[in-house]
Structure formats: structure tokens, C-alpha cells
Amino acid sequence: YPKVNKVISLTNMEFIESSAEGMEVHSILEGFSKEELASFRYRLNDWRQMYEGTVISRDGSLAAIIIQPDKGASEEETAAIYQYMEGIVAEYRGAEYSGTGYGSQDLSFPMAGKPVINKEISRSVFRDVIFLVPIAAFLIIVVLFFSFRKPEGVLFPIISLAISCIW
């Protein structure tokens, strides 16, 4: 995606180990064969304090994918990244996965960050407006009717309110 600076996940993190020459840096996940996956599990357990609580949960049930937008990315661009990720995640949400050794479980993809919060606030405000505007309009009409007890006493203030809202 064009405005993404960096993606950090278990698939592209590095693992540092000592060797006869000093230190060697490897990709923590080098492939998907049985041997490579066994090596991956060994590396995760060997340097547990590095990965737990950062990219993998303490109980091993969640793994993080951290997406860092470019420094100059606008809110609209970060929102577009979020929507793009939401589209990818929607394909897999609720699917069953049995590769854990603990039986089948539903896949879930919790998301966090400023774009997620902004989107949820927008959704919530929109739902509230759709629900509350008709109630507020009804209450205003009722109060105007009981205050003036004439149709003109309701109609003229409502017209002036509508004009001021449009203006």
C-alpha cells in the first residue's frame, strides 16, 4: 500500500543468535516447511521476553501486525489504510483454523489505533444522529404546540429553524 512505511509482524522480525564469529541475524520465520516451523517455534521460545507482550500475547493466542503509515500521511490516507486492512480481514473473520493443535477455533482480528478509533466514533455519531434527530424534532414540535397552541406557533419557528440550519 503506498502510504505504509513499515509492517512489523512475526513473519518479518529478526532473530539474533550467537555463533563462532560473533552474532548472526536471521529472519525469525524462514519458511513454512515442518523443519522451518519447528525452528520458528524454537526461536520464539528461546527469546520469549523479546516477543511476548510486543508482537505475541503472553498466552500465545494473539499475534500483532503493526502497520506504520508514512510520517507525512494524512488522516484520510491512514483511514484508507485501515479500510484496506478491514477488507482483507473481513474475508477471514470467523473462519475456522485448526492448525493450533488445540482443535478448531474461530479466527478473530481485533484492531486498534487512531484510525480505528476515528472510524468507530464516526459510526457511533452517525447512529446517534439518525436515532436522536427525529426524537429531538418531535420534542421541539410538542413543546412549541403546548407553548403556542396554534399551528402558526409551531410552523413559523420550525421554518425559521430550518432556514437557519440550511443557511
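Glutamate 86 and arginine 123 form a salt bridge, with their closest N and O atoms 3.2 Å apart. Glutamate 86 belongs to helix 3 and arginine 123 to helix 4, so this pair ties together parts that are 37 residues apart in sequence. The model is predicted, and every distance in this text is computed from it.

Arginine 123 has a further partner. Its side chain also meets that of glutamate 120 in a salt bridge, at 2.9 Å from N to O. Arginine 123 and glutamate 120 are both in helix 4, and because they are three residues apart there, about one helical turn separates them. Salt bridges with shared partners thus join Glu86, Glu120 and Arg123 into one network. How exposed are the two members from helix 4? Arginine 123 has a relative accessibility of 33%, so it counts as partly exposed. Glutamate 120, at 35%, is also counted as partly exposed. Both values fall between the 20% limit for buried and the 50% limit for exposed.

The structure holds six salt bridges. One of them is formed by glutamate 75 and lysine 114, whose closest N and O atoms are 3.8 Å apart. Here too, distant parts of the chain are linked: glutamate 75 is in helix 3, lysine 114 is in helix 4, and their positions lie 39 residues apart in the count along the chain. Lysine 114 is exposed, because its relative accessible area of 54% is over the 50% limit.

Glutamate 75 and lysine 114 also appear in the lining of the second largest pocket. That pocket holds about 170 Å³ of space. What else lines the second largest pocket? Besides these two residues, the lining consists of Thr78, Ala79, Tyr82, Pro115, Asn118, Lys119 and Ser122. Helix 3, which covers residues 75-92, and helix 4, which covers 114-148, each supply at least two of the lining residues. Helix 4 gives the largest share, with five residues. By type, the lining divides into three nonpolar, three polar and three charged residues.

Proline 115 is one of the lining residues, and it is located in helix 4. Its relative accessible area is 25%, so proline 115 is partly exposed. Along the chain, proline 115 and threonine 78 are 37 residues apart, yet their C-alpha atoms are separated by 6.3 Å. Threonine 78 is likewise part of the pocket lining.

Helix 4 has another feature to look at. Which residues make up the nonpolar surface patch? Ile117, Ile121, Val125, Val129 and Val133 make the patch, with an area of about 440 Å². Among them, isoleucine 121 lies in helix 4. Isoleucine 121 has a relative accessible area of 49%, so it is classed as partly exposed. A value over 50% would be needed for the class of exposed residues.

The last stop is arginine 149. This residue is in the loop between helix 4 and helix 5, the latter spanning 151-166. Arginine 149 is not a glycine, although its phi is positive, at about 55 degrees. Is arginine 149 buried or exposed? Arginine 149 is exposed, because its relative accessible area is 58%.

Technical notes:
Residues numbered from 1 in each chain as written. Predicted model: local features only at pLDDT ≥ 70, side-chain atom pairs only at ≥ 80, totals over all residues. Heavy atoms only, no water. 1 Å grid on protein atoms, 1.4 Å probe; cavity = no way out; pocket = protein on both sides within 12 Å on 5 of 7 lines; lining within 4 Å. Points joined across faces, edges and corners; volume = space filled by probe spheres on them. Helix = DSSP H or I, 4+ residues; strand = E, 2+ residues; numbered from the N terminus. Nonpolar A, V, L, I, M, F, W, Y, C, P; charged D, E, K, R; others polar. Patch = residues over 30% accessible without salt bridge, like charges linked within 9 Å, V, L, I, M, F, W, Y side chains within 5 Å. Areas by Shrake-Rupley, 256 points an atom, 1.4 Å probe, with all protein chains shown as cover. Salt bridge = Lys/Arg side-chain N within 4 Å of Asp/Glu carboxyl O. Buried < 20%, exposed > 50% of the residue type's maximum accessible area, 1.4 Å probe, protein only.
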